[in-house]
Structures are given as structure tokens and as C-alpha cells.
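Reader: Please pick one part of this model and take me through it closely, residue by residue. I would like the cut-offs stated along the way, and then how the part sits against its surroundings.

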Amino acid sequence: EDQPIYLAVKGVVFDVTSGKEFYGRGAPYNALTGKDSTRGVAKMSLDPADLTHDITGLTAKELESLDDVFTRVYKAKYPIVGYTARRILNEDGSPNLDFKPEDQPHFDIKDEF
């Protein structure tokens, strides 16, 4: 079962396969995978109702926590492999001209295999 494990936070898709003890099948945070779980990350919640990109109504503290976890956990530990359509497209499907990719200061991308 060496399938890659992905999850998205704030529309950024991370490969969390290296953290499979947290995100793999039967692991504590498996519910976050395979979707944009921004709200769940912000609220530290695995409630299925919170496993969504929607951050409507989050408190300032939850939004701060979200940014902290996004930067210190996800961006620091896991490679970014893409972005959700919601992050790169406008509602009407046209390209979002304001889209900027995230930088990942800790990752060294090498074109060697």
C-alpha cells in the first residue's frame, strides 16, 4: 500500500506520504486526506462537517492557528505538489490572475532521479 497521500490546506496540495503514521489508513489524521481540509486544520477538528475549504465564520484565533500550522507544519515538512482549482481559478472557471505559488524555502528541488 505505497499510494501517495495528499491533503490540501488553503488550496495548497501537500504530499504527506512521509507522515503516513499520521495520515495513512487508520492513522489519527487520515480524515484530513484526499480533500482540502482547511477548516479542520484551523479548528483542530476531525468532524466531517469541518473537513472543507470553507473558512466562513472562523475566529481570529482559529485563522491565526491555521496560518501557523500551514507554515510550521505543512510548508516546513511536506512538499507542495499542486493547488486546488479553487486556488488557481475564479468562480467562473477563468484563471485567477492574482494566483501566486507558495515558496518552500526548506525544499531543494533536484531534477535527478
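Author: Asp-50 is a convenient place to start: apart from neighbours up to four places away in sequence, Asp-50 is in contact with Arg-39, Gly-40, Lys-43 and Ser-45, where contact means heavy atoms within 4.5 Å. The model is a predicted one, in which local features need pLDDT of at least 70 and side-chain atom pairs count only at pLDDT 80 or more, while totals for chains, interfaces and linings use all residues. Residues are numbered from 1 along each chain as its sequence is written, and side-chain values use heavy atoms, with hydrogens and water left out.

Asp-50 belongs to the loop between helix 2 and helix 3; helices (H or I, at least four residues) and strands (E, at least two) are DSSP runs numbered from the N terminus. Asp-50 counts as buried because its relative accessibility is 9%; the classes are buried under 20% relative accessible area, exposed over 50% and partly exposed in between, computed with a 1.4 Å probe on protein chains only. The side chain of Asp-50 makes a polar contact of 3.4 Å with the side chain of Arg-39. A polar contact is a pair of N or O atoms within 3.5 Å; within protein, one of them must be able to donate a hydrogen and the other to accept it, and residues adjacent in sequence count only if both atoms are side-chain atoms.

Ser-45, one of the residues that Asp-50 touches, also lies in the loop between helix 2 and helix 3. With a relative accessibility of 14%, Ser-45 is classed as buried too. Its side chain reaches the backbone nitrogen of Asp-47 at 3.1 Å. Beyond four places in sequence, Ser-45 has contacts with Leu-32, Gly-40, Asp-50 and Leu-51. Gly-40 is thus listed for Asp-50 and for Ser-45.

Met-44 is a further residue of this loop. Met-44 is exposed, because 61% of its relative area is accessible. Its phi is near 55°, a positive value in a residue other than glycine. A positive phi of about 55° is also found at Lys-10, again not a glycine. Lys-10 sits in the loop between strand 1 and strand 2 and is partly exposed, at 29% relative accessible area.

Met-44 leads on to helix 3. Val-69, in helix 3, touches Val-41, Met-44 and Tyr-74, leaving out residues up to four places away in sequence. Val-69 is buried, since its relative accessibility is 13%. The C-alpha atoms of Val-69 and Ala-8 are 12 Å apart in space, with their positions 61 residues apart in sequence.

Helix 3 can now be taken as a whole. Its 18 residues should span 26 Å at 1.5 Å a residue, and this agrees with the 25 Å between its end C-alpha atoms; the expected span is 1.5 Å times one less than the number of residues. Helix 3 nevertheless has a kink of about 35° centred on Phe-70, the bend at a residue being the angle between axes fitted to the seven residues ending there and the seven starting there. The buried residues of helix 3 are Leu-66, Val-69, Phe-70, Tyr-74 and Lys-75. Their cover includes strand 1, strand 2, helix 1 (20-23) and helix 2.

The largest nonpolar core has 17 residues, of which Leu-7, Val-9, Phe-14, Val-16, Tyr-23 and Tyr-74 touch the most other members. Such a core is a set of buried Ala, Val, Leu, Ile, Met, Phe, Trp, Tyr and Cys residues joined through side-chain atoms within 4.5 Å. Two or more residues each come from strand 1 (6-9), strand 2 (12-15), helix 2 (38-43) and helix 3 (60-77). Helix 3 gives four residues, the largest share.

After helix 3 comes Tyr-78, in the loop leading to strand 3 (80-83). Tyr-78 is buried, at 4% relative accessible area. Its contacts beyond four places in sequence include Phe-14, Val-16, Tyr-23, Val-73, Gln-104 and Phe-107. Val-16 in turn is in contact with Ile-5, Tyr-6, Leu-7, Tyr-23, Tyr-74 and Tyr-78, its close sequence neighbours within four places left aside. Back at the starting loop, Ser-45 is 33 residues from Tyr-78 along the chain, and their C-alpha atoms are separated by 20 Å.
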